[in-house]
Amino acid sequence: MRKSNIGEWSGILVYVECRKEKVHPVGRELIGEASRLAEELGAAVYAVAAGSGLDDIPSQLAGCPLEKLYLYETEDEYTPIVYEKIIAGCIEKLKPSIVLIGGTYEGRALAPRLAVAFESGLTADCTSLEIDTEGNLIQIRPAFGGNVMASIVTAHSRPQFATVRPGVMEPVFEDSLREPVIVRELVNLTDERFKVLEVKEAEGGDSITEQNILVVAGRGVRKKEDLEMLRELSELLGGKLASSRALVEKGWMSPQEQIGLSGNAVSPQYMITCGVSGTVQFMAGMKQTKNIIAINEDPTARIFEIAHYPVCGDLYEIVPELIERLKTQKGDDFTGIQI
Ligand SMILES: Cc1cc2nc3c(=O)[nH]c(=O)nc-3n(C[C@H](O)[C@H](O)[C@H](O)COP(=O)(O)OP(=O)(O)OC[C@H]3O[C@@H](n4cnc5c(N)ncnc54)[C@H](O)[C@@H]3O)c2cc1C
């Protein structure tokens, strides 16, 4: 491990992922968390973004308590190798003690490369972050299939790298009047070994991580065809259907639609779980949900421990009834429905 003079490194740098000139929501979530940690450390928060068309990024981050915002304008499409060089250059210059990166497809490829480049530690998919008495970042994440929570510290090298999946942290509250210093650079670091010929959007529509309303199917659903009933409910509510891993393993739902430790972390306004027991691995991906309505026929199901609206009963009776009421009710205001 490269010996680092730890005292030379300070502050928190957040990698702000941008797609099609838009800040990925995880950027604001990480800035929110970084500003909380920075207060404890008495340190500053910085952000860095790379890509083309970054003109609008400062206004999208308005209200964020940032000291500096680094914008690296490049025509290169995202490839981990080129972006590693760009972000490593920024880290080299700034020397932040902590670097936070979204646990997205992009971030998951970028973070390990940066950690190797700086010969420092990385903890992937943290669910919580704290500061210890020495000022180290305590990186907390589920381990051993979610049965224990591991607290990991990178005590002897800097920066301390951590990724956090979208939807796990609260987004920053826009109350800062501070205008960050904007540092803008043009970069051209094309790596001859790679050429992006075309970028194709993944099929399957909007991701479940960006939904405000989710209906979640669990093993309590008996047949694949019965998912249509839950899909209808999700569409009537203007949301999307997601599932526990049980149905992904059966091949009824896709891995992109799975919530949990080995799936997606989500934080919708409303979630209706149907026949989901509430295992630790499932709950690791949905604890930030604002309103949980859980339908389960077992009164001792663990999901009821975190549900705001527990509904004990057979989903095959309750869901058709809900659909019927939604269809007959004027308007589609979900909050007005009496369960
Ligand atoms: C390393 C690891 C990672 C994992 N990652 C994930 C993950 O990311 N996401 C995930 O979901 N799981 C994950 N799992 C699997 C997890 O342990 C469980 O197997 C899974 O969450 C169970 O899904 P479930 O709640 O749908 O099914 P079950 O636990 O079988 O629960 C089904 C529930 O349906 C209820 N039910 C049955 N019939 C009805 C009915 N007619 N009406 C109402 N209720 C009914 C039952 O009472 C029961 O509570 C992981 C496991 C491991 C080891």
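## Two parallel sheets and a bound ligand

Seven strands form an open sheet in the order β7-β11-β6-β1-β4-β5-β12, and their pairing is parallel. The edge positions belong to β7 (122-126) and β12 (181-186); each has a single partner strand, so one side of each is left without a neighbour in the sheet. From one strand to the next, the twist averages 20°. The model described here is a predicted one.

Strands of a sheet pair through backbone hydrogen bonds, and the pairing can be parallel or antiparallel. One pair in the seven-stranded sheet is β4 (residues 45-51) with β5 (residues 68-73), joined in the parallel sense over six bridges. Within this pair, V48 has Y70 of β5 as its bridge partner.

Helices pack on this sheet. Helix α1 (residues 25-41) touches β1 (12-15), β4, β6 (98-102) and β11 (160-164), and its direction makes about 175° with that of β1. Helix α3 (residues 80-94) lies across β1, β4, β5, β6, β11 and β12, and runs at about 155° to β4.

The loop between α3 and β6 contains K95. Phi of K95 is near 55°, a positive value in a residue other than glycine. Another backbone feature is the cis peptide bond between R158 and P159, where omega is about -5°. P159 is placed in the loop between β10 (148-153) and β11. Most residues other than glycine have a negative phi, and most peptide bonds are trans.

A further open sheet has five strands with parallel pairing, in the order β14-β13-β15-β16-β17. Here β14 (240-243) and β17 (309-312) stand at the edges; each pairs with a single strand, so one side of each is left without a neighbour in the sheet. Neighbouring strands of this sheet are turned by 20° against each other on average, direction ignored.

Strand β13 (residues 213-217) runs parallel to strand β15 (residues 270-274), and five bridges join them. The bridge partner of V216 in β15 is T273. Helix α9 packs on this sheet, where it touches β15, β16 (291-296) and β17; the direction of α9 makes about 130° with that of β16.

Helix α9 (315-328) also takes part in the surroundings of the ligand: α6 (245-249), α7 (280-283) and α9 each supply at least two residues of the shell. In total, 27 residues surround the ligand, and the closest are R219, S244, Q258, S262 and S277. Sorted by class, the shell has seven nonpolar, 14 polar and six charged residues.

The table gives some contacts between protein and ligand atoms.

| Residue | Protein atom | Ligand atom | Distance |
|---|---|---|---|
| S262 | polar side-chain atom | nitrogen | 2.7 Å |
| T279 | polar side-chain atom | oxygen | 2.8 Å |
| E297 | backbone N or O atom | nitrogen | 3.1 Å |

Both S262 and T279 reach the ligand with a polar side-chain atom, whereas E297 does so with a backbone N or O atom. Taken alone, the ligand exposes 990 Å², and the protein buries 78% of that.

Definitions and conventions: Residues are numbered from 1 along each chain as its sequence is written. This is a predicted model: local features need pLDDT of at least 70, side-chain atom pairs count only at pLDDT 80 or more; totals for chains, interfaces and linings use all residues. Side-chain values use heavy atoms; hydrogens and water are left out. A residue is near a molecule or strand if one of its heavy atoms lies within 4 Å of it. A polar contact is a pair of N or O atoms within 3.5 Å; within protein, one must be able to donate a hydrogen and the other to accept it, and residues adjacent in sequence count only if both atoms are side-chain atoms. Accessible areas come from the Shrake-Rupley method with a 1.4 Å probe; for residues, only the protein chains shown count as cover. Helices (H or I, at least four residues) and strands (E, at least two) are DSSP runs, numbered from the N terminus. Ala, Val, Leu, Ile, Met, Phe, Trp, Tyr, Cys and Pro count as nonpolar, Asp, Glu, Lys and Arg as charged, and the others, Gly among them, as polar. Two strands pair if DSSP finds at least two bridges between them. Axes are lines fitted to C-alpha atoms, for helices over the stretch in contact, and angles run from 0 to 180 degrees between N-to-C directions. Contact means heavy atoms within 4.5 Å.
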